[in-house]
Amino acid sequence: MNVRSAAASVIYQVVDKGVSLSTVLPEFQQRIKTRDHALLQEICFGVLRHLPQLEGIVRQLMDKPLKGKQRVFHHLLLVGIYQIKMMRIPDHAAVGETVNATLDLKGPKLRGLINAVLRNYQRRQEELESRLSESESVQYCHPGWFIRVIKESYPEHWQDIFAANNNKAPMWLRVNRSVHSRDEYIQLLKDSNIDVHLHSEAEDAIKLAAPCDVSSLPGFSQGWVSVQDAAAQLSVRYLNPKAKELILDCCAAPGGKTAHILEHVPDARVVSVDNDESRLKRVYENLNRLNIQAEVICGDARYPQKWWQGETFDRILLDAPCSATGVIRRHPDIKWLRRLEDIDALATIQSDILDAMWAQLKPGGTMVYATCSIMPQENSEQIKAFISRTTDVQLVDSEAENPGRQILPGEEDMDGFYYAVLRKHGKK
C-alpha cells in the first residue's frame, strides 16, 4: 500500500471516526513495507500535531470541503501539505506520491484535484500561511477547551506546555540494574557510537541523543534495558520498595513499572493487576524478556474483593486510569479524541479506585498515586478530596494545600506526570 494513502486512512480513522492512533496505526503498518513504518508514523504524528494549521490551509485552497465518501481525500490533502510544509522530502516527490495515493484510495478521478491543490499550495505557501486564523487553537494546535483549562491551571507555563506537546518525544531508556549499572550500560552505548544524556533524579534513566530501533541497543532482547520515559521511572523512587515486601502494581499494563520494581528488589512479591486482558499480554512479554516473575491478574481495581483474597499489601503503586494529557507529545491523537466531560468521568473512577485500594493497604504501608495527566482535577484536587474523606492517611513530602508533585511536559525533557505519596497510619 502507498504510504500516503495509508497515512490518509489512519488520519481519517482518528479524526473522523474517533479511533485511537495506537489502535489504527499498527493495522496500516501491516499493509506497507517494513522500511516505510517510520515514515508512516512520522506523517501521522505530524499531521495530528499540526492539524488546525493544516485544516486552515486546506480551507483556503478549496471552494467546497470534501464530504462523505470523499472525506479520506481531504485527509490526503493534509498529508500532502504536511510533507511540503514540515518534512525534508523534496516537494516534487511529496506531491507525486500523494497524487499516486488516489489510486489506492479508489479515487482516480480526484487525481487532478489533489495535484492542483498541492501545486497551488507550493506556489502560494507564504501567502496562505500568513492568512491563517489568529485563533489560539490554530496558533497553538490544541483544541479550545484544552487551551482554556491549561491557561487557567498553569498561568506561568501554559505556552511551554503546548510547545512541548507539539515537539517530538525523546527516547528514554531504563537500565536493568540487576544486570548492569547505568555507567556500565552507558559505556556499552558509547562503544556502539550511541550518544546519551543523563537524568538528575531517575537513577536508571538514559536519554538517547537520537531515537533508534531497539534492535540496535546492546542486550535489549536479553533484558539489559527497556524503553520508558524518565518521569515514569520516578515511580520506583517514590514507592521505595523493600526486600520481601508484598507489593501491588495497580492498573499495571504494559508492565514497565512492575518490571522496574523487580529490577530494584528481585525478592519482592509483586502482584500486577489490570482490567484489560489484551494489554496484559504486554505485561507477560515484558516479564519474559526481562526474565522476571510477577503474579499477573486481570481484574477491576474498583472491586478488589473479586480478584484478591490474600493479605493486605505493604506498598501499592496506583497508576490510575487518566486523561493521558501529560503524554500528548507521544500520542498526539489525545488532543482531538479527549473531551472536557471525560475528565469528570475519569476523576470519579480514580476516586473509586483510591478508596478501594486504600482498604487493601496495610497499616504503616505506602501508596503512591500516579497519573500521566496534567489536569489538576485528576491530580492535586483528587488527592485533596481523598485526604479530606480519609482519617488514617498521611501525606508524605508535600503540603496539603498543594499535595504531590506535578511534572509538566518538557520538564527535563520528561512526559507530564503526577505523583503523591500517601502513608497509612499505624504499624505493620
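**Exercise 1.** Which residues does serine 351 touch, not counting residues up to four places away in sequence?

*Solution.* The model under study is predicted. Begin by locating the residue: serine 351 belongs to helix α16, which covers residues 340–358. Next, list its contacts: with residues up to four places away in sequence not counted, serine 351 touches Gln382 and Arg389. Then examine the side chains: those of serine 351 and arginine 389 are joined by a polar contact of 3.0 Å. Finally, consider accessibility: serine 351 has a relative accessible area of 16%. Buried means under 20%, and serine 351 is therefore buried.

**Exercise 2.** Determine why the buried residues of helix α2 line one face of the helix.

*Solution.* First, identify the residues: in α2 (residues 21–29), Leu21, Val24, Leu25, Phe28 and Gln29 are buried. Second, look down the axis of α2: these buried residues fall within an arc of 140°, so they line one face of the helix. Third, find their partners: the buried residues of α2 pack against α1 (3–15) and α3 (37–49).

**Exercise 3.** Establish the strand order of the open sheet of four strands, and describe its surroundings.

*Solution.* The order is β2-β3-β1-β4, and the pairing is antiparallel. The edges are formed by β2 (196–198) and β4 (225–227), each of which pairs on one side only. On average, neighbouring strands of this sheet are turned by 35° against each other, direction ignored. Now take one pair: β2 and β3 (residues 205–208) run antiparallel and are joined by three bridges. Within this pair, valine 196 stands opposite leucine 208 of β3. Lastly, helix α11 (residues 182–191) lies across β1 (172–175), β2, β3 and β4, and runs at about 20° to β3.

Notes: Residues are numbered from 1 along each chain as its sequence is written. This is a predicted model: local features need pLDDT of at least 70, side-chain atom pairs count only at pLDDT 80 or more; totals for chains, interfaces and linings use all residues. Side-chain values use heavy atoms; hydrogens and water are left out. Buried means under 20% relative accessible area, exposed over 50%, partly exposed in between (1.4 Å probe, protein chains only). Helices (H or I, at least four residues) and strands (E, at least two) are DSSP runs, numbered from the N terminus. The arc is that of the directions from the helix axis to the C-beta atoms. Contact means heavy atoms within 4.5 Å. Two strands pair if DSSP finds at least two bridges between them. Axes are lines fitted to C-alpha atoms, for helices over the stretch in contact, and angles run from 0 to 180 degrees between N-to-C directions. A polar contact is a pair of N or O atoms within 3.5 Å; within protein, one must be able to donate a hydrogen and the other to accept it, and residues adjacent in sequence count only if both atoms are side-chain atoms.
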